[in-house]
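Trainee: Could you walk me through this model with a few questions and answers?

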Amino acid sequence: MSRIGRLPITVPANVELNIDGQLVAVKGPKGELSITVSAPITVSKDENTVTVVRPNDSREARSLHGLTRTLINNMIIGVTEGYEKKLEIHGTGYRVQAKGADLELALGYSHPVKVAAVDGITYSVEGNNKITVAGIDKQHVGEVAANIRKLRKTEPYKGKGIRYAGEIIRRKVGKAGK
């Protein structure tokens, strides 16, 4: 058995979980998410626990067992607490400004880079070099944060660019002097 897949998921009191065949819908205080479970996996609900069961030990069923359990658990956490990714901007003249719901970044290019607001995602700016990307869908938050980071990846010589908070950049020495 999958060590992750066999663990039961506890559903908090303020979360409503509905199972309709292969569709699992979760509704909580922050919003509503749903997922379609792949064919061999079945999801069952008791009073306040959800269990994910696989019918056999085929390769496909084993690979989807833990994944399905984790996706449902992530939806429950998302609608109760939400997810966030923090980004930092390093470099002389590099900064970020909130323009309504959008972001405007100065990243050393000849023009400011605009990042449009995305449905279900909120941006917050602290100071002029910290961005927080927040939302209820873990995958969507990570993808939007990765796309912002991709606008100017941190380079290894001076460490200029956008990085995740707490990310360690391996620095290179560069040209050696005389």
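Here is our conversation about the fold and its cores.

Mentor: Happy to! This is a predicted model, where local features need pLDDT of at least 70, side-chain atom pairs count only at pLDDT 80 or more, and totals for chains, interfaces and linings use all residues. Residues are numbered from 1 along each chain as its sequence is written, and side-chain values use heavy atoms, leaving out hydrogens and water.

Trainee: What is the radius of gyration of the protein?

Mentor: The secondary structure comes to 2 helices and 13 strands (DSSP runs numbered from the N terminus: H or I of at least four residues, E of at least two). For 178 residues the globule rule gives 16 Å (2.2 Å times the number of residues to the power 0.38, with the radius taken over C-alpha atoms). The protein is well over that, so it is more spread out than a compact globule, with a radius of gyration of 21 Å.

Trainee: Which element gives the largest share of the largest nonpolar core?

Mentor: Such a core joins buried Ala, Val, Leu, Ile, Met, Phe, Trp, Tyr and Cys residues through side-chain atoms within 4.5 Å, buried being under 20% relative accessible area with a 1.4 Å probe, protein chains only. This one has 19 residues, and Leu103 and Ile148 are among those touching the most other members. Strand 9 (102-106) and helix 2 (138-150) are among the elements giving two or more residues. The largest share, 4 residues, comes from helix 2.

Trainee: How many residues are in the second, separate core?

Mentor: Val26, Ile41, Val43 and Val50 are included in that core. Its total is 18 residues.

How values were computed: Buried means under 20% relative accessible area, exposed over 50%, partly exposed in between (1.4 Å probe, protein chains only).
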